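Student: I have the sequence and the model open and would like to go through them step by step. Where do we start?

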Amino acid sequence: MTQDNNTGDQPPPEPPKRGSMRFQDSNTQPRQPSLAEQRARQQALAQEERNEELARQADAKAATRRKILIGSGVTVGLVGLVATYYTVAKTENVTAVCTDKDGVVVQNDDYCDDNYVTSHGGYHSGGFLFLPIPGGGYNSYRYNYGGTGVVGQRVTGGSYDAPSSRANVTTKSGKSVQRGGFGISGKSGSGGSGKSGGS
């Protein structure tokens, strides 16, 4: 004989239907979190605070870095501007030494003066001034700019290229050499007038 598991007249419980929800009634008290859950929440909050602090520090460092880079860029730009100004605005003082074709310093600076040479039958060509000599022929002369030397010896250093127009070029005697690389003014100092030759 088979026995029925159902005793009495209670029907068997129905299985829950799919998609249905069960609700707690309003009298149900929430369960207190376990110690493990409380620790996990505290650790999560502490980690979140650490992450926020690290983000704030990273933002502060990035802002400081930006300020430093901007400040450095401004400083470099300002230094470049000042250096350019001084390079352009600064007047360079250059001493000119009159030399012959072999680079030997001559006694008379007038041999490199375009006015003097042309008034004595000479001419200039290719960066040289040609002054006639008694008996025929010419001696050639030109300025060396920035070189040093004594009369009768070869000039040391310097250049035969005329310096920029901003340069204040004078001879050892204080005469001003005119722009263009030829000629000496008739006055001492930086002033003076006269014909300027080309090189």
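Student: Is Glu 53 buried, partly exposed or exposed?
Tutor: This is a predicted model, and the value is computed from it. Buried residues fall under 20% relative accessible area and exposed ones over 50%. Glu 53 has a relative accessible area of 34%, so Glu 53 is partly exposed.

Student: Which residue forms a salt bridge with Glu 53?
Tutor: The partner lies in helix α1 (residues 35-89), 3 residues from Glu 53, a separation of about one helical turn. The closest N and O atoms of the pair are 2.7 Å apart. The partner is Arg 56.

Student: How many salt bridges does the model hold?
Tutor: A pair counts when a side-chain nitrogen of Lys or Arg is within 4 Å of a carboxyl oxygen of Asp or Glu. Among the pairs that qualify is Lys 101 with Asp 102, with closest N and O atoms 3.6 Å apart. The count of salt bridges is 3.

Student: In that pair, is Lys 101 buried or exposed?
Tutor: Its partner Asp 102 is partly exposed, with a relative accessible area of 42%. The cut-off for exposed is over 50%. Lys 101 has 54% relative accessibility, so Lys 101 counts as exposed.

Student: Lys 175 also forms a salt bridge; what is the residue paired with Lys 175?
Tutor: The closest N and O atoms of this pair are 3.8 Å apart. The pair links distant parts of the chain, 65 residues apart, with Lys 175 in strand β6 (residues 175-177) and its partner in the loop between β1 and α2. Lys 175 itself is partly exposed at 28% relative accessibility. The partner is Asp 110.

Student: How far from Asp 113 is the nearest side chain of opposite charge?
Tutor: Asp 113 is found in the loop between β1 (93-100) and α2 (114-119). Asp 113 is buried and has no salt bridge. A salt bridge needs the atoms within 4 Å. The nearest side chain of opposite charge is that of Lys 175, at 6.7 Å.

Student: Which residue has its backbone nitrogen 2.9 Å from a polar atom of the Asp 113 side chain?
Tutor: The cut-off for a polar contact is 3.5 Å. The distance here is 2.9 Å, and the backbone nitrogen belongs to Asn 115.

Student: Which cysteines form the disulfide?
Tutor: The structure holds 1 disulfide. The two sulfur atoms are 2.0 Å apart, and both cysteines are buried. The pair is Cys 98 and Cys 112.

Student: How many residues apart in sequence are the parts that this disulfide ties together?
Tutor: The link of Cys 98 and Cys 112 is right-handed, with 85° about the S-S bond. Cys 98 lies in strand β1 and Cys 112 in the loop between β1 and α2, so the parts tied together are apart in sequence by 14 residues.

Student: Which elements give two or more residues to the largest nonpolar core?
Tutor: This core has 14 residues. Those touching the most other members include both Cys 98 and Cys 112, along with Ala 96 and Tyr 143. The elements that give two or more residues to the core are β1, β3 and β4.

Student: How many of the residues in strand β3 are buried?
Tutor: Strand β3 spans residues 128-132 and is mostly covered. Across the whole protein chain of 199 residues, 20% count as buried. In β3, the buried residues number 4 of 5.

Student: What is the bridge partner of His 124 in β3?
Tutor: Strand β2 (residues 123-125) and β3 run antiparallel and are joined by 3 bridges. They form a hairpin with 2 residues between them, where Gly 126 in the turn has a positive phi of about 60°. The partner of His 124 is Leu 129.

Student: Which residue in β4 stands opposite Leu 131?
Tutor: β3 pairs with strand β4 (residues 138-145) in the antiparallel sense, over 4 bridges. The hairpin has 5 residues between the strands, and Gly 135 takes a positive phi near 90°. Opposite Leu 131 stands Asn 139.

Key: Residues numbered from 1 in each chain as written. Predicted model: local features only at pLDDT ≥ 70, side-chain atom pairs only at ≥ 80, totals over all residues. Heavy atoms only, no water. Buried < 20%, exposed > 50% of the residue type's maximum accessible area, 1.4 Å probe, protein only. Lys, Arg positive; Asp, Glu negative; His and termini not counted. Polar contact = N/O pair within 3.5 Å; in protein donor to acceptor, adjacent residues only side chain to side chain. Disulfide = S-S within 2.5 Å. Pairing = 2+ DSSP bridges. Core = buried A, V, L, I, M, F, W, Y, C linked by side-chain atoms within 4.5 Å.
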